[in-house]
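Dear colleague,

I am handing over the structure we spoke about, and I would be grateful if you could look through it before reading my notes underneath.

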Amino acid sequence: MIQEQFSNPRSLFLRGMRDGVPIGLGYLSVSFAFGITAVSRGVPAWIALLISMTNVTSAGQLAGLDLMVIGCTMGEMILTQCVINMRYALMSVSLSQKFDKSVRLCDRFLIAFCNTDEVFAVASGQPGLVGRWYLFGLIIPPYVGWSAGTLIGSVASGILPESVMAALGIAIYGMFVAIVIPPAKTSRAVALVLGGAVLMSCAFRYLPVLNTVSSGFVIIICAIVAAALGAVFAPVQEEETTENPAEISQEAPVSGETGEVSK
Amino acid sequence: MTQSIPMLILYTLVMAGVTYLIRMVPLVLIRHPIKSRFIKSFLYYVPYAVLGAMTFPAILYSTSHIASAAAGLLVSVVLAFFGRGLLTVAVSACVTVYVAEWILLLL
């Protein structure tokens with residue numbers, strides 16, 4: 001356990017940066033795909049960059065993008081963002097147990113801004129408590145990678161030929177597939193929740209009446225129903241949840257990529 | 001795309017505000033772990049459900065042809081099943097779509 005009083009801020013900050021660089025590199029490709037998707041939906045490159053620099057979340061940004069281009073109501077936007085980003089509430093609760101005394105109240109406001117799945121996973125995986133300088137170092141490379149990737153992706157989409165752009169349109173979904181399949185392979189409950197959500201999503205797409213529901217609400221409904229069914233029929237074991245924050249990071253689907261980039 | 005720039009900015013700020021509040025409020029206020037097993041389980045499953053609903057069937061309409069998208073989906077599922085990384089899966093899906101669309105043009 002490295003405690004704040006035994007190390008100077010500089011070395012703690014650098015140690016955080018070192019742990020954050022693999023996350024930032026991993027984000028480059030995901031945000032590149034987001035930038036391309038945003039421009040393909042008719043959103044200017046600088047708006048795409050603004051979205052990434054103010055939101056710093058993959059699934060929430062893509063869902064928000066879909067909603068803003070069709071001109072949803074603000075209520076729909078707020079509800080969708082709440083449901084999709086709800087997991088961050090759990091991560092923030094868990095992360096707050098991990099801070100040492102050096103983390104002041106104002107630091108929490110800053111760290112919360114960049115509390116992504118991967119930042120959470122790496123911070124939770126640290127032995128003992130973590131301090132403010134380590135956390136500051138940890139959040140910088142992911143933020144830079146996320147913003148830079150979006151900028152590069154949205155600018156590149158104006159340069160690349162149409163055939164390449166069509167092929168890149170699938171990139172962000174390919175990443176989502178890579179995130180959900182491995183945990184679904186090892187956990188039957190996760191596979192059923194995933195399958196249930198996919199089935200419902202198809203029903204809302206193809207069945208009459210249901211296909212008139214707007215896409216924002218479809219995600220909310222599918223997510224709440226599938227996750228609630230999972231929670232009722234396959235409640236997560238105690239040791240898998242907040243008892244040990246590091247455990248969540250390995251179990252959580254979106255953190256799956258951290259295992260690869262941060263090791 | 002019919003949205004005006006001020007509307008896009010407004011949407012962006014609403015998204016950012018909601019996302020930030022969700023992350024910030026628990027981090028600043030809550031200092032004790034959630035007790036309810038149902039809520040913990042529910043929150044645990046939410047990301048899978050969200051990504052599942054967002055990916056399918058939307059992935060089928062993410063390219064020029066549904067056939068090329070289906071090929072890309074198949075390749076990404078197989079590679080993900082065998083534990084390939086995010087980047088590998090995504091790039092392979094893109095390459096598959098690119099090749100499949102050329103083949104469709106030749107048919």
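In what order do the elements of chain B run from the N terminus on? In this model, which is a predicted one, they run α-α-α-α, and the secondary structure of chain B comes to four helices and zero strands. The radius of gyration of chain B is 20 Å, well over the 13 Å that the globule rule gives for 107 residues, so chain B is more spread out than a compact globule.

The extents of chain B can be set beside that value: along its principal axes, the C-alpha trace spans about 60 × 40 × 20 Å. The domain assignment divides chain B into domain 1 (1-32) and domain 2 (36-106), and the C-alpha centres of these two domains of chain B lie 27 Å apart. Buried residues account for 50% of the 107 residues in chain B, and, of the contacts in chain B between residues at least 6 apart in sequence, 43% join residues at least 24 apart.

Turning to the interface, 65 residues of chain B are in contact with 90 residues of chain A. On the side of chain A that touches chain B, helix α10 (residues 171-186) of chain A gives the most, with 12 residues, and by class that side of chain A has 61 nonpolar, 22 polar and seven charged residues.

With best wishes

Definitions and conventions: Residues numbered from 1 in each chain as written. Chains lettered and ligands numbered in written order. Predicted model: local features only at pLDDT ≥ 70, side-chain atom pairs only at ≥ 80, totals over all residues. Helix = DSSP H or I, 4+ residues; strand = E, 2+ residues; numbered from the N terminus. Rg over C-alpha atoms; globule rule 2.2 N^0.38 Å. Buried ≥ 20, exposed ≤ 12 C-beta atoms within 10 Å, placed from the backbone. Contact = placed C-beta atoms within 7 Å. Nonpolar A, V, L, I, M, F, W, Y, C, P; charged D, E, K, R; others polar. Domains from an automatic or database assignment.
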